[in-house]
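Here is a short briefing on one protein model. Please look over the sequence and the structure first.

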Amino acid sequence: MAANYWVSTQRLHWQLSRTELQDLRQSLENEDHTLTQQYPLLDRRLLSIFYNQQLVKLGKRMSVRQQALATAQVYVRRFYVKVDLRNTNPYLILATALYLACKMEESPQHIRVVAEHARNLWPDFIPSDVSKLGECEFYLISEMNSHLIVHHPYRTLQELQARLDLAQEDVLLAWSVINDHYLTDLPLLYPPHVIAIAAIFLALTLKPIQGGMQGAANTAVFLVNSAQIIKDGLPDGASTDKSPENRAGSFLKWLAEGEVDLQAVADSSQEIISLYDIWEQQYSERICKEQISRFVKARGLEK
């Protein structure tokens, strides 16, 4: 296993620029204009929310750990960079991604157990033939070029907890933000440590889960400017103050003195906030389910 992210296949093959990612997806759209026009898709973030909810439901039935769920979400995102969603049965892909992720995260589940739980959860979309899941596993591995090791931000968060003297509530909220970042393109765009730092920033400042989305439009400006302002240090005695405001100030001071890409952290923070906004304003599980069911059944992909 590649313990160093910087020499891993994730860094070398699956960290893309936004332009590269857009070009790959556009090339999929251009492969079959008729299919694209016949089955238009919702915003990718809305579908990602739906996939996440379905994976969590399946994972709970199988008592799967969070890291395996996170790895499965990365597999799904990588796969759909290479394959048009409308050419697949997403439910089978989700079940297969979780089955494969459990093996890679050293918590394997028997293929029949996964197939049975998936079929009970999505009876209209999972074939009774277990071999279909096995075939789909090879399909998934092939499209990902056998790059199956995934580095996650959780480790960085745990390492920074003591260094930044984070309160338990900060860590729990940052952990939740990390969970949510898998619903965005961020796993394909930035290194895990950037995501972890963005999650800490959100946990300490904007409190997106507890306090709403106020100030979201100015996140990037706020982060970069704040880091610049405090480069000269905090006021005397601030280091002993454990208030939420001071924890945020101490974090920004640490960030300003380091070599982390502030713009990448700001972009990641903004992406996550945008996810929360569209989740709150536009998400409908029913609409996502209907859209997926429409093309899967019309094309006979559930068989």
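The points below cover the fold, the core, the open and closed spaces, the cysteines and a few single residues.

This is a predicted model. The protein chain has 17 helices and zero strands. Of its 303 residues, 52% count as buried.

**Fold and core**

- Among contacts in the protein chain with a separation of 6 or more, 82% are between residues 24 or more positions apart.
- The largest nonpolar core holds 97 residues.
- Leu98, Trp122, Ile200 and Phe251 touch the most other members of that core.
- Helix H6, residues 90–104, gives the largest share of this core, with 11 residues.
- Trp122 is in contact with Gln54, Leu58, Tyr91, Leu94 and Ala95, leaving aside neighbours within four places in sequence.

**Largest pocket**

- The volume of the largest pocket is about 750 Å³.
- Its lining has 30 residues, and His151, His152, Arg155, Thr156 and Pro192 are the closest to the centre.
- Three elements each give two or more residues to this lining: helix H5 (66–82), helix H9 (154–163) and helix H12 (192–204).
- H9 supplies the largest share of the lining of the largest pocket, seven residues.
- By class, the lining of the largest pocket has 17 nonpolar, eight polar and five charged residues.

**Second largest pocket**

- The second largest pocket encloses about 580 Å³ of space.
- It is lined by 28 residues, and Arg25, Arg44, Arg77, Tyr80 and Asp185 lie nearest its centre.
- Helix H2 (18–31), helix H4 (44–62) and H5 are the elements that give two or more residues to this lining.
- H2 gives the largest share of the lining of the second largest pocket, seven residues.
- The lining of the second largest pocket divides into 15 nonpolar, five polar and eight charged residues.
- H5 is thus listed for the largest pocket and for the second largest pocket.

**Cavity**

- How many cavities of 30 Å³ or more does a search of the whole structure find? The search finds one.
- The largest cavity holds about 70 Å³ of space.
- Its lining has 13 residues, with Gln10, His151, Pro153, His181 and Pro187 nearest the centre.
- That lining has nine nonpolar, four polar and no charged residues.
- His151 is named among the residues nearest the centre of the largest cavity, and also among those closest to the centre of the largest pocket.

**Cysteines**

- A search of the whole structure finds zero disulfides.
- Cys136 has a relative accessibility of 6%, so it counts as buried.
- Cys288 counts as buried because its relative accessibility is 1%.

**Single residues to look at**

- Asn52 is found in helix H4.
- Is Asn52 buried or exposed? Asn52 is buried, because its relative accessible area is 14%, under the 20% cut-off.
- Leaving aside neighbours within four places in sequence, Asn52 is in contact with Gln73 and Leu183.
- Ser63 sits in the loop between H4 and H5.
- Ser63 counts as exposed because its relative accessibility is 64%, over the 50% cut-off.
- Ser63 and Gln109 are 46 residues apart in sequence, and their C-alpha atoms are 10.0 Å apart in space.
- Phi of Ser63 is near 55 degrees, a positive value in a residue other than glycine.
- Asn145 also has a positive phi, near 55 degrees, and is a residue other than glycine.
- Where is Asn145? Asn145 lies in the loop between helix H8 (131–143) and H9.
- Asn145 counts as partly exposed, because its relative accessibility is 44%, and partly exposed covers the range between the 20% and 50% cut-offs.

Conventions: Residues numbered from 1 in each chain as written. Predicted model: local features only at pLDDT ≥ 70, side-chain atom pairs only at ≥ 80, totals over all residues. Heavy atoms only, no water. Core = buried A, V, L, I, M, F, W, Y, C linked by side-chain atoms within 4.5 Å. Buried < 20%, exposed > 50% of the residue type's maximum accessible area, 1.4 Å probe, protein only. Helix = DSSP H or I, 4+ residues; strand = E, 2+ residues; numbered from the N terminus. Contact = heavy atoms within 4.5 Å. 1 Å grid on protein atoms, 1.4 Å probe; cavity = no way out; pocket = protein on both sides within 12 Å on 5 of 7 lines; lining within 4 Å. Points joined across faces, edges and corners; volume = space filled by probe spheres on them. Nonpolar A, V, L, I, M, F, W, Y, C, P; charged D, E, K, R; others polar. Disulfide = S-S within 2.5 Å.
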